[in-house]
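Welcome, and please have your viewer open. We will take this one stop at a time, selecting a few side chains at each.

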Amino acid sequence: MRIGALEAGGTKMVCAVGREDGTILERKVFPTLRPEQTMPELIGYFQQAGVEALGAACFGPLDLDKTSDTYGYITSTPKAGWQDYPIWHILRSALQVPVGFDTDVNGSVLGEAAYGALRGVETGMYITIGTGIGAGILANGRVLHGMQHPEAGHILLSCHPQDPYEGTCVCHKNCFEGLAAGPALEKRWGKRAEELADIDEVWELEAYYIGQALADYVMLLSPQKIVLGGGVMHQETLLPRIHRQVREQLGGYIRTWQMEHLEQYIVRSELGEDQGILGALKLGQEAARTV
Ligand code: ADP
Ligand code: ZN
């Protein structure tokens, strides 16, 4: 069976065709412009590829309430032209195949669970720290949706007493994304995150915020494993600093073997940047199975 996979991001659309065993046969990337420019290209690609089902892992926020009239819409994104956009409906009616649909990070956590570091894990998280911050949560073997989908990048954090920066988020300022995503690093320090590599202070503060968020997730969800990805995690010195901060901020309250082996508990993805597209493929497989 030829299954289509779409990782729909705010800057690029990754399209692929794969098989049920997770093999990617081909892929193509299109820039994310306005929907009237980008959608015909994606649709043309999948039509030509002859896919029998499609999985789409999409930037959000999304309406994922199956009882809602606007299920499958991108809702309040600031991305021009994509507000209130019925992407799931448009893909389904153009391709006439079953279309599985979820958020980008839910796709990534599915990809990690099927092919990556969360294989065999029942409750875990995939967190991306890039232009934005988001997390997909696997809870008792299923992707957690709840009311719509978690927005784990927007949990409020306490500012470090020596950090005068107020945060970038237009809704909350001092949320995780507002204090620690790539654009917050750039605004706080006046340079792009990639150019701040050798400055200890930068990465210690970054680890302080990431550590605070992870300590909250550990307390709330009791994940068995946490996988970190996204551009900011390319910073080599960051992961060991995060381990130190998480240990410190949990304050010895949790005493499991994982706390003694944080390097095996909070890990970088083994899939490079492929967890999203592999998760989309998985969504496509699930859609094909439920028809
Ligand atoms: P997106 O979140 O848009 O999908 P990425 O996950 O690639 O994209 O994240 C982009 C962000 O990561 C940018 O803010 C960029 O400054 C930051 N970034 C990229 N490379 C590095 C690096 N080596 N160190 C720190 N930050 C980086
Ligand atoms: Zn926020």
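Which residues coordinate the zinc ion (ligand 2)? Bear in mind as you look that this is a predicted model.

**Stop 1: the zinc site**

Select ligand 2, then show the side chains of H154, C169, H172 and C175: these coordinate the zinc ion, at 2.1 to 2.4 Å. The histidines each offer ND1, and the cysteines each offer SG. Turn the view around the metal: the four donor atoms subtend angles of 101 to 118°, so the arrangement is tetrahedral. If you have the sequence panel open, look for the donor spacing H-x14-C-x2-H-x2-C along the chain.

Now keep H154 and C169 selected. Both lie in the loop between strand 8 (142–143) and helix 4 (176–180), so the pair ties together parts that are 15 residues apart in sequence. Are these two buried or exposed? H154 is partly exposed, at 23% relative accessibility, while C169 is buried, with a relative accessible area of 9%.

**Stop 2: a network on helices 6 and 7**

Next come the salt bridges; the structure holds twelve of them. Side chains of opposite charge can pair when their charged atoms come close.

Select R241 and E204, whose side chains form a salt bridge with an N to O distance of 2.8 Å. This pair links distant parts of the chain, with R241 in helix 7 (residues 238–250) and E204 in helix 6 (residues 200–221), 37 residues apart. R241 counts as buried at 10% relative accessibility, whereas E204 is partly exposed at 26%. Now add D200 and R244 to the selection: together with E204 and R241, they are linked in a network of salt bridges.

**Stop 3: a bridge between two loops**

Move on to R119 and E270, where the side chains meet in a salt bridge at 3.5 Å, N to O. R119 sits in the loop between helix 3 (104–115) and strand 6 (124–129), and E270 in the loop between strand 10 (266–268) and helix 10 (275–289), so the pair ties together parts that are 151 residues apart in sequence. Switch on a surface and find E270, which is exposed with a relative accessible area of 52%.

**Stop 4: E36 and R34**

Finally, select E36 and R34. What joins their side chains? A salt bridge does, at 3.0 Å from N to O. On the surface view, E36 counts as exposed at 53% relative accessibility, and R34 is partly exposed, with a relative accessible area of 39%.

Key:
Residues numbered from 1 in each chain as written. Chains lettered and ligands numbered in written order. Predicted model: local features only at pLDDT ≥ 70, side-chain atom pairs only at ≥ 80, totals over all residues. Heavy atoms only, no water. Salt bridge = Lys/Arg side-chain N within 4 Å of Asp/Glu carboxyl O. Buried < 20%, exposed > 50% of the residue type's maximum accessible area, 1.4 Å probe, protein only. Helix = DSSP H or I, 4+ residues; strand = E, 2+ residues; numbered from the N terminus. Donors = N, O, S within 2.8 Å, 3.2 Å for Na, K, Ca; no water. Tetrahedral: all angles 85-135°; square planar, octahedral: opposite > 155°, others 65-115°.
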